[in-house]
Amino acid sequence: MRLRWYEKLIMYVILGVFAVWAFFPFYWAFVNSIKIPSQIFQKSWIPVVQFKPTLHNWKVELSTPMVLEALRNSTIVATVSTIIAVFLGTLVGFALTVFRYRGPFKNTDIYIFFLTQRILPPVVVLMPLYIIMKNLHLLDTVWALIIVDSTFNIPMAVVIMREMFKSLPEEIFEAALVDGAGWGRIFTKVALPLSAPGLVATSMIIFSYVWNEFLFAVSFSFTKAVTLPVIVAGTQQNRGIEFWYVGTRSLLVMIIPVIFSLLSQRYLVRGLTFGAVKG
Amino acid sequence: MKRNSAKVLFVLPTALWILVFTAYPLGYLFYLSFHRFRFGRIIGFAGFRNFERFFTDDNVFNSVIVTLIIISVAIATEVFLGLILAWLVDKPLRMNKFFRVIFSLPLFATPVAVAFLFITIYYEEGGPMNSILGLFGIPPVPWLSNPFWAKMSVAVVDIWQWTPFCFIVFLAGFQSIPQELYEAAYLDTKSRWQILKSVSFPLILPIFTIVLILRIMEAIKIFDIPAVLTIGGPGRATEVYSLFTYRTGLKYFNLGYASAMGVVLLLVEIPLIMFIVKRLRKVIS
Amino acid sequence: MRKFLVFFAIVALVALAFAAGDRDYHGITIRITVNQAGKEGAISGPLYRAAKIWEKETGGKVDIIEIPFTQHYSKMMEDLISGAGNFDASIIGSWWFGDLIAGDFVVPIDKYYNSGKHPYWNKDWLPPSLQILHKWGNTWYGVPNDSDGQVLYYRYDVLTNPEYRKKFKEKYGYDLPVPPKTWDQVLDIARFFTGWDWNKDGEPDYGFVMHLKVGGQGMFHFMSLSAPFVINPYNPKLYWFDPTNMKPLIKSPGHKKALEFLIKLIKTGPKAQVSWDLGEAWNFFLQGKAVLTFTWGDLGSLAQDPNRSKVKGKLGVSVLPGTLESYDIVHERWVKFPKDKPNVVGNTTGGSWHGVIFKHSKHPEAVYDFLSLMATKDFSLWNVSNGWTGVDPGWKIHFLRPIGEASIRDYMHYGWDPGDIVEYLAAYYDNFYAKLILPYLMIPGTFEYWHALDVHLSEAVTGQKTVDQALDAIYKDWENITESYGRKKLLKLYRESIGWTAADDKEYKKYHH
């Protein structure tokens with residue numbers, strides 16, 4: 001199909017408008033991050049030309065112990081939760097691909113059991129989990145967040161890894177079985193290496209989800225286990241909002257998940273649609 | 001490992017994990033909802049009092065309405081825009097790769113950070129949003145100070161964040177339509193509208209339903225954006241259900257009442273979950 | 001540079017004064033939470049300075065934990081409720097006090113105060129209106145630090161402009177009063193200056209500005225404004241609840257009239273102010289775009305900062321205006337006041353942020369020692385005279401001689417305009433030493449009560465609810481809150497907190513059956 005020139009033009013205009021729309025907030029964060037407080041509410045959009053940029057905010061930000069601590073917490077929580085969720089999810093994904101379950105719980109039932117976890121709104125279990133964490137003396141530790149975040153992200157791992165394993169030719173497993181390998185060996189030596197790209201993508205997706213999580217983070221941490229989103233939300237102090245730090249902090253917190261989302265997009269479609277749509 | 005033991009061993013740890021950290025809390029949720037919780041501890045049995053308050057509390061009614069308005073505006077726009085953009089990008093344009101990347105940027109942008117950024121973007125005394133609209137002769141919009149527009153502001157941020165999801169899923173859908181089908185249809189009718197109606201649309205319809213369901217499911221959880229952008233204001237104009245529950249439980253520490261809210265939400269969601277499960281069964285098997 | 005010299009002089013002085021060996025806290029670290037504002041920010045900033053001095057003097061260490069204002073209360077409570085015990089002390093807003101007392105989370109300070117071993121400050125420096133915020137009954141729990149109260153700020157230069165005054169008189173039939181003495185006059189002035197370019201910057205300007213965002217402490221505006229509509233010589237104590245049954249008084253004709261008035265006043269300000277936090281609203285006034293506002297002392301000191309303000313030396317400050325009519329809840333009637341003697345009520349609206357020591361702290365004495373350092377005369381005076389500290393004047397020692405012990409020179413040191421400071425201190429004196437003071441709610445649940453107030457007021461000022469509907473909603477929410485805590489328990493605490501006696505009951509019951 002050929003497009004006529006004016007059709008192309010209209011398309012480019014529409015796409016261009018939306019591209020600006022999608023990109024603008026990132027640009028705006030950047031502009032705010034290099035402004036001094038009194039320039040914030042001025043109508044100046046282009047650094048150097050309209051105002052003198054400064055790195056002051058970045059310097060202050062990156063030397064604030066609170067921010068660095070949050071960066072550390074976020075990294076720990078996201079990494080450990082990702083490892084747990086991907087590990088547990090991959091086991092199930094693998095089992096659902098290679099085994100046929102009979103009896104009251106068939107493959108589909110097991111699959112759906114894990115999926116409902118993802119449909120459950122977090123706020124439903126927030127209160128009981130709060131008290132459970134309190135009784136376990138886990139409040140304000142990274143462990144509370146790690147437990148909750150990995151629980152809520154297991155389904156994502158199950159979905160993507162199941163899709164991944166399904167795309168491998170069945171004969172590989174048969175061959176390994178004939179060679180006398182146990183299922184543990186087949187899983188670690190055959191299935192995992194072959195699905196490495198999927199594994200990496202899944203990890204990136206789950207890492208980003210955990211990294212961005214706010215509701216549990218703001219509920220279960222008060223000082224020691226505070227993560228970056230909570231710090232960002234705290235840019236409001238008793239003399240109002242510090243817009244310049246909103247700029248630095250939002251860029252700081254967004255950069256990793258945004259990059260990950262671009263790298264893992266093919267798998268994202270499957271993960272987000274529970275495997276209903278292939279990317 | 002034998003097949004039968006392996007069958008169990010591969011699933012058991014994960015199943016146990018989920019049961020411990022979801023099923024147990026859910027049980028505890030019901031227990032809490034029948035108790036009074038004050039001064040940092042359970043101070044007595046409440047019977048149905050928490051539920052009585054729930055159904056007579058104007059704040060609850062308000063938060064339900066607010067949530068419904070915000071998510072229906074957001075979802076309708078997201079699905080519509082996502083579909084259009086995917087359809088446009090699924091064309092032999094020179095820059096479609098570039099657009100694909102740009103459109104996906106918001107996907108994983110931290111919602112809290114985005115919400116905060118939008119406070120500056122919506123700023124009513126000369127912020128960028130109103131300045132840009134002003135170029136087209138549109139009078140300043142009271143984004144955050146007007147109860148109606150505040151709802152729209154929350155929806156717009158949600159739209160910014162989630163249109164990319166609809167976009168990439170629809171794009172995947174369009175790209176899975178075999179090229180031959182188009183060509184055959186083109187030879188048949190030559191009318192672009194006919195092709196859209198008879199080839200693209202029927203093939204994309206199942207995906208459309210899935211996207212819609214998934215969006216509804218996710219959107220009900222909405223919390224981060226109103227919690228930061230408007231703190232539920234002005235008044236309670238953007239106090240969504242999750243935010244109200246969170247506030248009651250972890251700002252006022254009335255965990256009994258907040259648990260009752262959780263119980264009701266769960267009961268309301270069960271039919272929705274069953275519906276989703278039913279659809280998924282079809283897709284999976 | 002001069003600021004630094006003065007600061008070090010204080011360090012030296014304080015160090016000299018308390019070089020006693022009794023105060024050796026080597027090896028002790030105290031953890032204290034405060035609203036997040038950074039090392040140069042309001043309330044938290046002075047803590048860093050005090051910590052430096054204290055660490056030098058005593059060998060102890062201070063860990064300052066900054067928590068955002070919007071989360072501070074809940075995080076502190078979470079820590080206490082969960083028994084985690086991460087903090088030794090918090091710099092709290094006084095309206096959190098009731099929950100801390102009811103939960104038995106804080107310790108009295110009298111023992112340490114009386115021991116004479118610690119840096120010297122005096123309870124009697126504080127006017128009774130502020131003392132109340134630091135104690136429960138006769139037991140002191142808080143170590144004074146900040147004094148919050150709202151005062152009226154006006155543009156002296158604009159209100160005394162002869163041309164504007166002439167026009168005002170033509171329009172309203174009386175001389176523009178400087179400062180305005182009643183809220184009605186304020187409304188006339190605000191209306192008069194709305195919608196035209198009186199500051200000659202090419203854009204129309206406004207009469208009034210407030211911060212009314214939910215969570216932006218907008219309910220404080222209503223409290224201060226409504227005080228003279230409800231509190232009067234015949235009813236000095238009842239503002240919040242009926243002392244016999246804990247029913248909210250918020251629907252009284254006085255409260256209603258005050259809210260109607262607030263809504264009229266808002267019309268003379270920028271539309272966006274209903275979504276503004278303190279920062280945006282203050283900025284608006286400091287940029288010279290509104291003639292009037294009422295808020296805390298912070299604004300007066302921020303006005304002295306040339307980076308932020310265009311109104312230095314143009315500032316008028318006075319105690320909040322009064323009313324000519326006030327509703328007397330005790331006797332259920334309206335009371336009228338003569339034109340020259342309006343009903344003026346002072347307020348302690350705000351947090352009056354100050355330190356309390358938690359029960360689980362292992363070093364309460366060291367914590368007290370640190371907190372009392374901030375209450376010493378030298379430190380406190382330095383604190384109130386520096387704008388950025390967010391600590392506002394209110395104690396006897398902050399006022400000018402002969403009332404107090406400070407001199408104009410002390411304030412001029414820190415860049416104050418001499419005219420501004422005289423006005424500013426006088427207004428604060430009038431406020432805190434007023435005969436009538438708006439009662440401060442200190443019972444458990446105050447945080448929740450005030451939040452409900454904040455939310456529904458915002459609904460009223462943004463037109464989502466009529467005045468009656470909003471007050472009704474507040475009433476219902478408050479009843480729910482009272483029920484959830486237990487009415488009897490709260491009633492007892494409430495009566496204690498406002499000093500309501502059996503004799504008061506007798507008088508009250510004559511008019512209420």
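# Exercises on a predicted three-chain model

**Exercise 1. Describe how strand E1 of chain C is joined to strand E3 of chain C, and place both in their sheet.**

Solution. Strand E1 (residues 29-35) and strand E3 (residues 89-92) of chain C run parallel and are joined by two bridges. The model is predicted, as for every exercise here.

Step 1. At the residue level, Thr33(C) is found opposite Ser90(C) of E3(C).

Step 2. The sheet is open, has five strands, and reads E2-E1-E3-E13-E6 in chain C, with mixed pairing.

Step 3. Its edges are strand E2 (61-67) and strand E6 (142-143) of chain C, each of which pairs on one side only.

Step 4. Helix H14 (residues 364-375) of chain C packs on this sheet and touches E1, E2, E3, E6 and strand E13 (354-357). The direction of H14 makes about 170 degrees with that of E13(C).

**Exercise 2. Give the strand order of the four-strand sheet of chain C and describe the pairing of E7 with E9.**

Solution.

Step 1. The order is E8-E9-E7-E10 in an open sheet of chain C, and the pairing is mixed.

Step 2. Strand E8 (206-208) and strand E10 (315-318) of chain C are the edge strands, pairing on one side only.

Step 3. On average, neighbouring strands of this sheet are turned by 20 degrees against each other, with direction ignored.

Step 4. Strand E7 (residues 151-155) and strand E9 (residues 290-295) of chain C run antiparallel and share four bridges. Across this pairing, Leu152(C) stands opposite Phe294(C) in E9(C).

**Exercise 3. Locate Arg308(C) and classify it as buried, partly exposed or exposed.**

Solution.

Step 1. Arg308(C) belongs to the loop between helix H13 (297-302) and E10 of chain C.

Step 2. The relative accessibility of Arg308(C) is 32%. The partly exposed class lies between under 20% for buried and over 50% for exposed, so Arg308(C) counts as partly exposed.

Step 3. Leaving aside residues up to four places away in sequence, Arg308(C) touches Leu286(C), Gln287(C) and Leu302(C).

Step 4. Ala51(C) is 257 residues from Arg308(C) along the chain, and their C-alpha atoms are separated by 28 Å.

**Exercise 4. Classify the ring pairs Phe94(A)–Phe173(A) and Phe113(A)–Phe114(A), and state the burial of each residue.**

Solution.

Step 1. Over all chains, the structure holds 93 aromatic pairs. In one of them, the ring centres of Phe94(A) and Phe173(A) are 5.9 Å apart and the planes stand at 80 degrees. Planes over 60 degrees apart count as edge-to-face, so this pair is edge-to-face.

Step 2. The pair links distant parts of the chain, 79 residues apart: Phe94(A) is in helix H3 (residues 65-98) and Phe173(A) in helix H7 (residues 170-178) of chain A. Phe94(A) and Phe173(A) are both buried.

Step 3. Phe113(A) and Phe114(A) are also edge-to-face, at 5.1 Å centre to centre with 70 degrees between the planes.

Step 4. Phe113(A) has a relative accessible area of 34% and is therefore partly exposed. Phe114(A) has a relative accessible area of 0% and is therefore buried.

**Exercise 5. Identify the rings of chain C that have Lys123(C) and Lys167(C) over their faces.**

Solution.

Step 1. Lys123(C) lies over the face of Tyr113(C), and its distance to the ring centre is 4.3 Å.

Step 2. Lys167(C) lies over the face of Trp196(C), at 5.6 Å from the ring centre.

**Exercise 6. Describe the interfaces that chain B makes with chain A and with chain C.**

Solution.

Step 1. Contacts between chain B and chain A involve 102 residues of chain B and 105 residues of chain A. The buried area there is about 9,400 Å², with 81% from carbon and sulfur atoms.

Step 2. Phe10(B), Phe108(B) and Phe116(B) give 9% of the area that chain B buries against chain A, more than any other three residues.

Step 3. For chain C and chain B, 37 residues of chain C contact 30 residues of chain B. These chains bury about 2,800 Å² between them, 56% of it on carbon and sulfur atoms.

Step 4. Ile81(C), Glu448(C) and Tyr485(C) supply 17% of the area that chain C buries against chain B, more than any other three residues.

**Exercise 7. Summarise the secondary structure, extent and burial of chain A.**

Solution.

Step 1. Chain A has 13 helices and two strands.

Step 2. The C-alpha trace of chain A spans about 70 × 65 × 35 Å along its principal axes.

Step 3. Of the 279 residues in chain A, 65% are buried.

How values were computed: Residues numbered from 1 in each chain as written. Chains lettered and ligands numbered in written order. Predicted model: local features only at pLDDT ≥ 70, side-chain atom pairs only at ≥ 80, totals over all residues. Heavy atoms only, no water. Phe/Tyr/Trp six-rings, centres within 6.5 Å; stacked < 30°, edge-to-face > 60°. Buried < 20%, exposed > 50% of the residue type's maximum accessible area, 1.4 Å probe, protein only. Lys NZ or Arg CZ within 6 Å of the ring centre and 35° of its normal. Pairing = 2+ DSSP bridges. Contact = heavy atoms within 4.5 Å. Axes fitted to C-alpha atoms, helices over the stretch in contact; angles between N-to-C directions. Buried area = accessible area lost by both parts, 1.4 Å probe.
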